[in-house]
Amino acid sequence: MYTMGIDIGSAATKAVVLSDGQDIAASSVIGFGAGTSGAPRAVEDVFSQLGIGWDDIAFTVATGYGRLRFDDADKQVSELSCHALGVHFALPGTRTLIDIGGQDVKVMHLSESGMLDNFVMNEKCAAGTGRFLDVMARVLETTTDSLGTLDAQATAPVEISSTCTVFAESEVISHLSNGEDICNIIAGIHNSVAHRTAGLARRLGVQPQVAMSGGVAQNAGIIRALQDVLGTEVAVPDNTQLMGALGAALHGYRSVVGKQRG
Ligand code: ADP
């Protein structure tokens, strides 16, 4: 039995088709989020991977920023609850979950059963988000997915003192024009994101095991910096950008199984 989770984020749309609440049968990441063709494209992609259509899906749950505008879902569930369930499935020991997506940073406490106990979120501001890193990568004439490798080559990370995206960008440009090594600038950017995120996490309390989900968790430089600042290991599940969609598909499975039992 297939259930589908679709996570329509601010930066990307993710879809997961789950088989019998156990295995990811197909998945897709489309680099366009809410209000774009991302959702129909992600659905088309997973359907064509499996050679199936809507009639083969028992239940669909939509999550993410754009979930309310996705009419094909049977149910909408908040991304907090979906990330919690997805990460609990992938890394069951997780108690503190950090999710950095395209436009926000969330820190959650998970119960032993993967329920969301409590959370904090950043204010409406790009600083410290995926968008912030995308902007910085462009200024540095590189790509977001190269940031982790370049961070690993840093020898003396610079200080980035501004927490505002616009001012931090000016600082980066000033470091560049002073001839500073790009790897040291990138490591400085990652350290500043990690300090901001750690401040948010400490407001909630950091309980091990700590894990990170969302697209930005693919950046090994952010994981390095977070581990340095928090002084604890930060685990990253496989397919970390899919955790919201996976959690949504698991919610879908529970809805079907619950109905059958009821
Ligand atoms: P949302 O749910 O808000 O759309 P995601 O969790 O999908 O956000 O994360 C999107 C962000 O992930 C992008 O803004 C980008 O900064 C980052 N990202 C995406 N792919 C990679 C990658 N391969 N390496 C590092 N960062 C990435």
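This report walks through the ligand site and the two sheets of a predicted model.

## Ground rules

Because this is a predicted model, local features need pLDDT of at least 70 and side-chain atom pairs count only at pLDDT 80 or more, while totals for chains, interfaces and linings use all residues. Residues are numbered from 1 along each chain as its sequence is written, and side-chain values use heavy atoms, with hydrogens and water left out.

## Around the ligand

Let's start with the company the ligand keeps. There are 18 residues around it, and A11, K14, D134, G215 and Q241 come nearest (a residue is near if one of its heavy atoms lies within 4 Å). Sorted by type, this shell holds 3 nonpolar, 11 polar and 4 charged residues. Here Ala, Val, Leu, Ile, Met, Phe, Trp, Tyr, Cys and Pro count as nonpolar, Asp, Glu, Lys and Arg as charged, and the others, Gly among them, as polar. Helix α3 (residues 130–139) gives the largest share of the shell, 3 residues. Helices (H or I, at least four residues) and strands (E, at least two) are DSSP runs, numbered from the N terminus.

Now for some distances. An N or O atom in the side chain of Q241 is 2.8 Å from an oxygen atom of the ligand. The backbone joins in too: a polar backbone atom of G130 is 3.1 Å from a ligand oxygen, and for V216 a backbone N or O atom lies 3.5 Å from one. On its own the ligand exposes 580 Å², and the protein buries 84% of that (areas come from the Shrake-Rupley method with a 1.4 Å probe).

## The sheet with β1 to β5

What is the order of the strands in this open sheet? The 5 strands run β3-β2-β1-β4-β5, with mixed pairing. β3 (23–30) and β5 (75–76) are at the edges with a single partner strand each, so one side of each has no neighbour in the sheet.

Strand β2 (residues 13–19) pairs with β3 in the antiparallel sense over 7 bridges (two strands pair if DSSP finds at least two bridges between them). To spot one, look at V17, whose bridge partner in β3 is A26.

## The sheet with β6 to β10

Another open sheet of 5 strands has the order β8-β7-β6-β9-β10, and its pairing is mixed. At its edges stand β8 (116–121) and β10 (234–235); each has a single partner strand, so one side is left without a neighbour in the sheet.

Strand β9 (residues 210–213) and β10 run parallel, joined by 2 bridges. A211 has A235 in β10 as its bridge partner.

Key. A polar contact is a pair of N or O atoms within 3.5 Å; within protein, one must be able to donate a hydrogen and the other to accept it, and residues adjacent in sequence count only if both atoms are side-chain atoms.
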